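Q: Please take a close look at one part of this protein: its main nonpolar core. Walk me through what lines it and what surrounds it.

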Amino acid sequence: MRSNKSFLPSWARGTLCLWFALVCVLGFPKDTRAEKFESAEYGFAIEAPEGWQAQPAVYEGVVATFWKEGSLATFHVIERDLGEAKTVADLEWKDLFAPKFDEILIRQESETMVGGEKARYCIYKIKPGLFKQQMEGKHDFKYMNYIVIHENRLYSITFKGLESSFGQDYSGFLESVRTIRFLDSQKP
């Protein structure tokens, strides 16, 4: 004779029902990457975390721009051919920020790795004055810039965020920098 009792105890049935309801309501885990830029022409790929959107590049030399929703935080990727073989140790911030280096106040700098290549970064602000007013208006921004060289091409990745929210916003930028991959170049 068959029993009417289920093979699962009632607590297990309740747990399974709760799990099924949560999956139906919340859905399955999603990919946390919202935007991706990949270009064989420029030789790299980068991904931005959820909440960051790709934007049209508006500055000369910028190949990718991302903006954090609900903030003034952005980051830009610039790529250019160096012309001659160099390493990041050969580059000086003075040359990279020319002709406005005297307007820049570098607060911190160090070396790291990006995409398997040696890289340098600095955190800086623009000194008070006309250049700061032109670049920032009434806001007070802080910047973080990474430079890396791959196959004699310079990649400069610059984050710009309000100083008041820099600590909150730049973590997404750092997450993006960690995703950089270099691709086989199609440029001559």
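A: Start with the chain as a whole. Buried residues make up 39% of its 188 residues. The model is a predicted one.

The protein chain has four helices and 10 strands. Along the sequence the order is α-β-β-β-β-β-α-β-β-α-β-β-α-β. Take the contacts between residues at least 6 apart in sequence: 48% of them join residues at least 24 apart. The accessible surface comes to about 12000 Å². Carbon and sulfur atoms account for 54% of that surface.

Now the core itself. The largest nonpolar core has 27 residues. Within this core, M144, Y146, I157 and F173 have the most contacts. Seven stretches are listed as giving two or more residues each: β2 (44-49), β4 (62-68), β5 (74-81), β7 (117-126), β8 (141-150), β9 (153-162) and α4 (166-177). The largest share is that of α4, with four residues.

M144 is a good place to look around. Its neighbours within four places in sequence are left aside here. M144 then touches Y121, C122 and I123, among others. It also contacts I157, T158 and F159. F166, Y170, F173 and L174 complete the list.

A second core lies apart from this one. That other core has 15 residues, among them L82, V88, F97 and Y124.

Next, the helix. The 12 residues of α4 should span 16 Å at 1.5 Å a residue, and its end C-alpha atoms are 16 Å apart, so the two values agree. The buried residues of α4 are F166, D169, G172, F173, L174, S176 and V177. F173 is thus on two lists: it is buried in α4, and it ranks among the residues with the most contacts inside the core.

Then the rings. The structure holds 15 aromatic pairs. One of them joins W52 and F159: the ring centres are 6.4 Å apart and the planes stand at 55 degrees, so this pair is tilted. The pair links distant parts of the chain. W52 belongs to strand β3 (residues 52-55), while F159 belongs to strand β9, and 107 residues separate them. Both partners are covered. W52 has 3% relative accessibility, and the cut-off for buried is under 20%, so W52 counts as buried. F159 has a relative accessible area of 0%, so F159 is buried too.

The W52 and F159 rings also belong to a wider network. Ring pairs link W52, F66, F75, Y121, Y146, F159, F166, Y170 and F173 into a cluster. Compare that with the contacts of M144: Y121, F159, F166, Y170 and F173 are among them. Y146, another cluster member, is one of the core residues with the most contacts.

Strand β9 is also worth a look for a charge. The charged end of K160 sits over the ring of F141, 4.5 Å from its centre.

Now the link between β8 and β9, both of which give residues to the core. E151 is found in the loop between these strands. N152 lies in that loop as well. Phi of E151 is near 50 degrees, a positive value in a residue other than glycine. Phi of N152 is near 60 degrees, again positive and again not in a glycine. N152 has a relative accessible area of 22%, so it is partly exposed.

Move on to the loop between β5 and α2 (93-96), where T87 lies. At 43% relative accessibility, T87 counts as partly exposed. Its C-alpha atom is separated by 9.8 Å from that of E117, 30 residues apart along the chain. G83 is placed in the loop between β5 and α2 as well. At 68% relative accessibility, G83 is over the 50% cut-off and therefore counts as exposed. G83 and L154 are 71 residues apart in sequence, but their C-alpha atoms are 9.9 Å apart in space.

One last backbone detail concerns the loop between α2 and β6 (104-114), where P99 is found. The peptide bond from A98 to P99 is cis, with omega near 5 degrees.

To sum up, the core has 27 residues, α4 gives the largest share, and a cluster of linked rings includes W52, F159 and F173.

Conventions: Residues are numbered from 1 along each chain as its sequence is written. This is a predicted model: local features need pLDDT of at least 70, side-chain atom pairs count only at pLDDT 80 or more; totals for chains, interfaces and linings use all residues. Side-chain values use heavy atoms; hydrogens and water are left out. Buried means under 20% relative accessible area, exposed over 50%, partly exposed in between (1.4 Å probe, protein chains only). Contact means heavy atoms within 4.5 Å. Accessible areas come from the Shrake-Rupley method with a 1.4 Å probe; for residues, only the protein chains shown count as cover. A nonpolar core is a set of buried Ala, Val, Leu, Ile, Met, Phe, Trp, Tyr and Cys residues joined through side-chain atoms within 4.5 Å. Rings of Phe, Tyr and Trp (its six-membered ring) pair if their centres lie within 6.5 Å; planes under 30 degrees apart count as stacked, over 60 as edge-to-face and the rest as tilted. A charge sits over a ring if NZ of Lys or CZ of Arg is within 6 Å of the ring centre and within 35 degrees of the ring normal. The expected span of a helix is 1.5 Å times one less than its number of residues.
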